[in-house]
Amino acid sequence: MATPALQFVGVVLALGCEQLVQWKLGAMGLVALFLLGVGVKARNSTCASLGAVILLLLMTKG
């Protein structure tokens with residue numbers, strides 16, 4: 001069981017990562033990050049792969 005301090009640090013890092021993705025890649029980057037996260041949590045390889053491919057395409061476009 002994680003301590004509250006570790007949970008807080010995890011939340012802060014997740015929010016920071018989300019803001020960085022949104023700033024760098026826009027709304028589609030957030031959608032891709034959401035798909036990737038949901039796919040990994042649900043063990044759905046199609047959803048995770050789709051999110052990873054979208055992130056990859058967004059990163060290589062510019």
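Okay, let's start with what sits over the second helix: the cover on the buried residues of α2 includes α1. One caution before going on: this is a predicted model, so everything here is computed from that prediction.

Here's the overall layout. The protein chain has two helices and zero strands. Its C-alpha trace spans about 40 × 25 × 15 Å along the principal axes. Out of 62 residues, 19% count as buried. And if you take the contacts with a separation of 6 or more, 23% of them come from residues 24 or more positions apart.

Now back to α2. Which of its residues are buried? That list is Cys-47, Ala-48, Gly-51, Ile-54, Leu-55 and Leu-58. They cover an arc of only 130° around the axis, so they end up on the same side of α2. If you want the background, an α-helix has 3.6 residues a turn, so residues three or four places apart point the same way. Flip to the other side of α2 and you find exposed residues: Ser-45, Thr-46, Leu-56, Leu-57, Thr-60 and Lys-61. Yes, there are two leucines in that exposed set, Leu-56 and Leu-57.

What about the length of α2? It has 17 residues, and at 1.5 Å a residue they should span 24 Å; the end C-alpha atoms are 24 Å apart, so the two agree.

Next, the core. The largest nonpolar core has eight residues: Val-21, Leu-25, Ala-32 and Leu-35, plus Cys-47, Ile-54, Leu-55 and Leu-58. The elements giving two or more residues to it are α1, running 4–41, and α2, running 45–61. As a general point, nonpolar side chains in soluble globular proteins tend to be buried together. If you'd like one residue to click on, try Ile-54. Setting aside neighbours within four places in sequence, Ile-54 is in contact with Met-28, Ala-32 and Leu-35. Two of those partners, Ala-32 and Leu-35, are themselves on the core list.

Then there's the loop between α1 and α2. Ala-42 lies in it, and Ala-42 is exposed, with a relative accessible area of 54%. To get a feel for distance, go from Ala-42 to Thr-60: that's 18 residues along the chain, and their C-alpha atoms are separated by 27 Å. Arg-43 is found in that loop too. Its relative accessibility is 79%, so Arg-43 counts as exposed. What is phi for Arg-43? Phi is near 55°, a positive value in a residue other than glycine. Then, at the start of α2, a side-chain oxygen of Asn-44 reaches to within 3.1 Å of the backbone nitrogen of Thr-46.

Last topic, the cysteines, for anyone planning to ask. How many disulfides does the structure hold? Zero. And why is Cys-17 not in one? The closest cysteine sulfur to that of Cys-17 belongs to Cys-47 and is 17 Å away, which is too far for a bond. Looked at from Cys-47, the nearest cysteine sulfur is that of Cys-17, again at 17 Å, and Cys-47 is in no disulfide. Are they buried or exposed? Cys-17 counts as partly exposed because its relative accessibility is 40%. Cys-47, with a relative accessible area of 16%, is buried, and Cys-47 is one of the core residues we just went through.

That's my tour; happy to take questions.

Methods: Residues are numbered from 1 along each chain as its sequence is written. This is a predicted model: local features need pLDDT of at least 70, side-chain atom pairs count only at pLDDT 80 or more; totals for chains, interfaces and linings use all residues. Side-chain values use heavy atoms; hydrogens and water are left out. A nonpolar core is a set of buried Ala, Val, Leu, Ile, Met, Phe, Trp, Tyr and Cys residues joined through side-chain atoms within 4.5 Å. Buried means under 20% relative accessible area, exposed over 50%, partly exposed in between (1.4 Å probe, protein chains only). Helices (H or I, at least four residues) and strands (E, at least two) are DSSP runs, numbered from the N terminus. Contact means heavy atoms within 4.5 Å. A disulfide is a pair of cysteine sulfur atoms within 2.5 Å. The expected span of a helix is 1.5 Å times one less than its number of residues. The arc is that of the directions from the helix axis to the C-beta atoms. A polar contact is a pair of N or O atoms within 3.5 Å; within protein, one must be able to donate a hydrogen and the other to accept it, and residues adjacent in sequence count only if both atoms are side-chain atoms.
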